[in-house]
Amino acid sequence: MARLTRRGFIQASSALAAAPALTALAARAQGPAPDIGNLKVEKDIVFGKAGTTELKLDVYQPSGTVASKRTAIIHLFGGGFMGGNKTAGYIINDIKALAPKGYTNISANYRLAKEGFWPSQIQDVKAAIRWTRANAGKIGIEPNRIVIAGYSAGGMLSLLAAGTNGKADLEGDLGNPGVSSDVNASIGVYPLASAQIATMLWPQGQATPEAITAASPTTYISEKFAPTIFIHGTNDGTVPVSSSVDFFNKLHELKVPTTLTLIQGADHAFDNNAPDAVELMATSIDLFLDRLLVNPKPYPSFGGGGGARGGGRGGGRGAAPGGRGQ
């Protein structure tokens, strides 16, 4: 009998818990579309074309009274790869909380399972990253300050992008060829850490263990993984919080700059209707990204002889702000 490792147990448990919920999630993930307030938005910009399908994104700029941090956050919606789009209510809620802190926010579509089989989804994401870098000057950001954020199924894509910088076989050929699709940091909001429950992404009979492994973010955990912050509710009944805790621990062990914010008592997609949790999430993201990308500086060591202990790469750059279990 094969031995079940700790990681295997967590992944298997997560798959069993999440699979029945994903179908329902696709229907309710969007949430009501909120008012965008005083944000400036340019909508439906085409960043690539897959056959006859135009891939579009929206660019949200902070109001003119806010100092720009010249950093872009690309948001990827959830919905179990069966539903959802770039105008999801929770994404707009999060953008409204992040924009006043100076971030340029981009919400991008990617093909659902019914529109294209794997690896269409990650190729679309990398095309959105390339568009953002190619248009950095136009949208007022630095090309080395591009962050990818994903929610639930979109979180699987954001984590995969963070783990596959420079991996040519996932690039695709949609828009801005030759421009780098590397990300400088990632955000996983109640993310899927494995493709085990996303078998709809392959034609029938082709969701082999090898294919699922190759599409799973956990496969790419290494010291080269982009700095990452995880946000997860402790009462998530769709994607168990243990998956983000385990992912965080693995990155931290490798000294990848990482942090984890847990929202006590929150369920999946809490940012649809919990403004206090949204504000905490935005504050945690801002603290992480500001120290990591915008104004890079390590935290001071404690006492004498402490050195740059636990600070991650680069002598402490990007040490885990906010900490676990905020």
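D58 is buried, at 0% relative accessibility. This is a predicted model, and D58 is a good place to enter it. The residue sits in strand β2, which covers residues 53–61. Its side chain does not stand alone: D58 and K86 meet in a salt bridge, with 2.8 Å from N to O. K86 belongs to the loop between β3 (72–76) and α2 (89–98). The two partners are 28 residues apart, and the pair links distant parts of the chain. K86 has a relative accessible area of 6%, so this residue also counts as buried, the cut-off being under 20%.

The contact extends further. K43, D44, D58 and K86 are linked in a network of salt bridges. Side chains of opposite charge can pair when their charged atoms come close.

Strand β2 is the place to start, but other salt bridges deserve a look. K56 and E54 also join their side chains in one, at 3.9 Å from N to O. That distance counts because the limit is within 4 Å. Here the surroundings are more open to view. K56 has 27% relative accessibility and is therefore partly exposed. E54 is partly exposed too, with a relative accessible area of 41%. Across the model, the count comes to 11 salt bridges.

Now turn to helix α3, residues 120–134. How many of its 15 residues are buried? The number is 14, so the helix is largely enclosed by the rest of the structure. Its length also checks out. At 1.5 Å a residue, the 15 residues should span 21 Å, and the end C-alpha atoms of α3 are 21 Å apart, which agrees.

R130 lies in this helix. R130 is buried, with a relative accessible area of 3%. Its side chain meets that of E171 in a salt bridge, 2.8 Å from N to O. E171 lies in the loop between α5 (153–163) and β6 (185–189), so the pair ties together parts that are 41 residues apart in sequence. E171 is at 17% relative accessibility and counts as buried.

Next come the aromatic rings. The count of aromatic pairs comes to 8. Take F81 and Y110: their ring centres are 6.4 Å apart and their planes stand at 65°, so the pair is edge-to-face. F81 is in the loop between β3 and α2, while Y110 is in the loop between β4 (104–108) and α3. The two are 29 residues apart, and the pair links distant parts of the chain. Both F81 and Y110 are buried.

Y190 and F270 give another edge-to-face pair, because their planes are at 80°, with ring centres 5.8 Å apart. Which parts of the chain does this pair tie together? Y190 lies in the loop between β6 and α6 (209–215), and F270 in the loop between β8 (258–263) and α8 (275–294). The parts are 80 residues apart in sequence. Y190 is buried, with a relative accessible area of 2%. F270 is buried as well, at 5%. Y90 and Y151 join these two residues, and Y90, Y151, Y190 and F270 form one aromatic cluster.

One last contact involves a charge and a ring. The charged end of R291 sits over the ring of Y299, 3.7 Å from the ring centre.

Notes: Residues numbered from 1 in each chain as written. Predicted model: local features only at pLDDT ≥ 70, side-chain atom pairs only at ≥ 80, totals over all residues. Heavy atoms only, no water. Buried < 20%, exposed > 50% of the residue type's maximum accessible area, 1.4 Å probe, protein only. Helix = DSSP H or I, 4+ residues; strand = E, 2+ residues; numbered from the N terminus. Expected span 1.5 Å × (residues − 1). Phe/Tyr/Trp six-rings, centres within 6.5 Å; stacked < 30°, edge-to-face > 60°. Lys NZ or Arg CZ within 6 Å of the ring centre and 35° of its normal.
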